[in-house]
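Colleague: I'm new to this one and would love a guided close look at a single part of it. Could you take the sheet and what packs around it, and set it in its wider context?

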Amino acid sequence: MTRSLSRYFSYSRHTIAALALLGSTGCGILADTNRIVIAEMDGKSITREKLFTIIRDMPDDKRPNIRSKQDYKRVLNHYIDEEIKIPLGEDLAAEGKIEVPREMAREEYFHSILDEKERDTQRLMWNVPIPKPGEESDLMRTYELTPEAIQFQKDVIEQGTDRELERLLGERAVMFLATEAYQNKELTLDEDALRMEYDLSKNDFKTLERMTILGLQFPTAQEGSSAEASAVRQRLNDGESFDAILDSYLSKSMNYGIESVIENNPELDRFRGFWQEASGAQVGEIRGPVFMPEYARMKTNAQGQVEQAIVPECYLVFKVIEYAPESVRPFEEALPYVAPTVAFSEMMELLREQRGVKIFEDKLPTPQGGTSTMLSN
């Protein structure tokens, strides 16, 4: 028995030694793996360990779910771009060449908060005044707030605003340099890149379906307006001319007539009823009556100035004067909107080249189980 135990302990010692050796070797491998260089900038190395630290230090709501090497590459590229843009923004702002209002940066911070309730809470806390010592407002009592808690939340918002201000100044700095380089013919915009950006952004260059109408309106506030609009419809069905009927009403009051351009915006419910009635109408065709909610339109006054006018809620009988279907701006018309995006991208490439940026994609880590376990170490 003693001999058996002795053999057991001997085996155990060998096993423990082997496991210890394996463990120490594993730690060494892990350390060596972390030191693998995945990129260079300004002649300095960026390692895997640095990449893991960047991701770990991100706010919880901004940290990406790493599922592929491409996810790692996106994080790395973003980090490198920020390292380039932010110092440029600080320098050009100090020189007075660019400016971003702090209020704009604060609004960008609020907008970056994805949770709507949290966003509303942050806005509320920003607007809550810090009371004088010994004072307590109804709002503080309702939400059990202390002056210290209010100040803490304001500090959080200011820190977020600082980050957004840095980012916006960086973006503006690159655009400033791109514009300057383009004007000096130091930056040329590749037509293929412009056309690719145009193709990717076509939905942004749509002109909505629109109709210009000449209408006879009967405000709902006017008693019997619905019946009067129906009576006009009957007169039209009986063969009377729309223009003659309109003239007869305009002789009583010019407020009966309206000329307006209505766009078919699918994101607005306001004119859905109108377009259900107007859809398919040809120029010269008469439609209605249709209920129209109150809306604002632009008109030219007697002095030739363009001003906003409110069209009251009404029943409308209208004649189609002009019609334009939905269309996409041609490339040439969209160019002023496309060019800045391409110029920005090409300037960033130039800046990266000047800073000696190199990325070694084959050295990027491979995530395990969807998200790299390195992130939690």
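Modeller: Happy to! Among contacts in the protein between residues at least 6 apart in sequence, 73% join residues at least 24 apart. Keep in mind that this is a predicted model. The protein has 377 residues, and 32% of them count as buried. About 23900 Å² is exposed, with carbon and sulfur atoms supplying 50% of that area. In the protein there are 12 helices and 11 strands.

Now to the part you asked about. Three strands form an open sheet in the order β2-β1-β11, and their pairing is antiparallel. At the edges are β2 (44-47) and β11 (358-359), each of which pairs on one side only. Helix α2, covering residues 48-56, packs on this sheet and touches β1 and β2. The direction of helix α2 makes about 60° with that of β2.

Strand β1, made of residues 37-41, pairs with β11 in the antiparallel sense over 2 bridges. To find this pairing in the view, start at A39: its bridge partner in β11 is I359. Another helix to look for is α3, residues 69-94, which lies across β1, β2 and β11. Helix α3 runs at about 20° to β1.

For context, let's visit two residues in other helices. The first stop is R106, in helix α4, which spans residues 102-112. Is R106 buried or exposed? With a relative accessibility of 12%, R106 counts as buried, because the cut-off for that label is under 20%. Setting aside residues up to four places away in sequence, R106 touches W126, I157, E158 and T161.

The second stop is A178, which you will find in helix α7, residues 147-183. A178 has a relative accessible area of 0%, so this residue is buried. Which residues does A178 contact, leaving aside its neighbours within four places in sequence? They are L187, A343, F344 and M347. A178 also gives you a handy example of residues far apart along the chain: S345 is 167 residues away in that sense, yet the C-alpha atoms of A178 and S345 are separated by 9.0 Å.

If you want a route to follow on screen, begin with the bridge between A39 and I359, move out to the edge strands β2 and β11, and then look for helix α3 lying across β1, β2 and β11. From there, go on to R106 in helix α4 and finish at A178 in helix α7.

How values were computed:
Residues numbered from 1 in each chain as written. Predicted model: local features only at pLDDT ≥ 70, side-chain atom pairs only at ≥ 80, totals over all residues. Heavy atoms only, no water. Helix = DSSP H or I, 4+ residues; strand = E, 2+ residues; numbered from the N terminus. Buried < 20%, exposed > 50% of the residue type's maximum accessible area, 1.4 Å probe, protein only. Contact = heavy atoms within 4.5 Å. Pairing = 2+ DSSP bridges. Axes fitted to C-alpha atoms, helices over the stretch in contact; angles between N-to-C directions. Areas by Shrake-Rupley, 256 points an atom, 1.4 Å probe, with all protein chains shown as cover.
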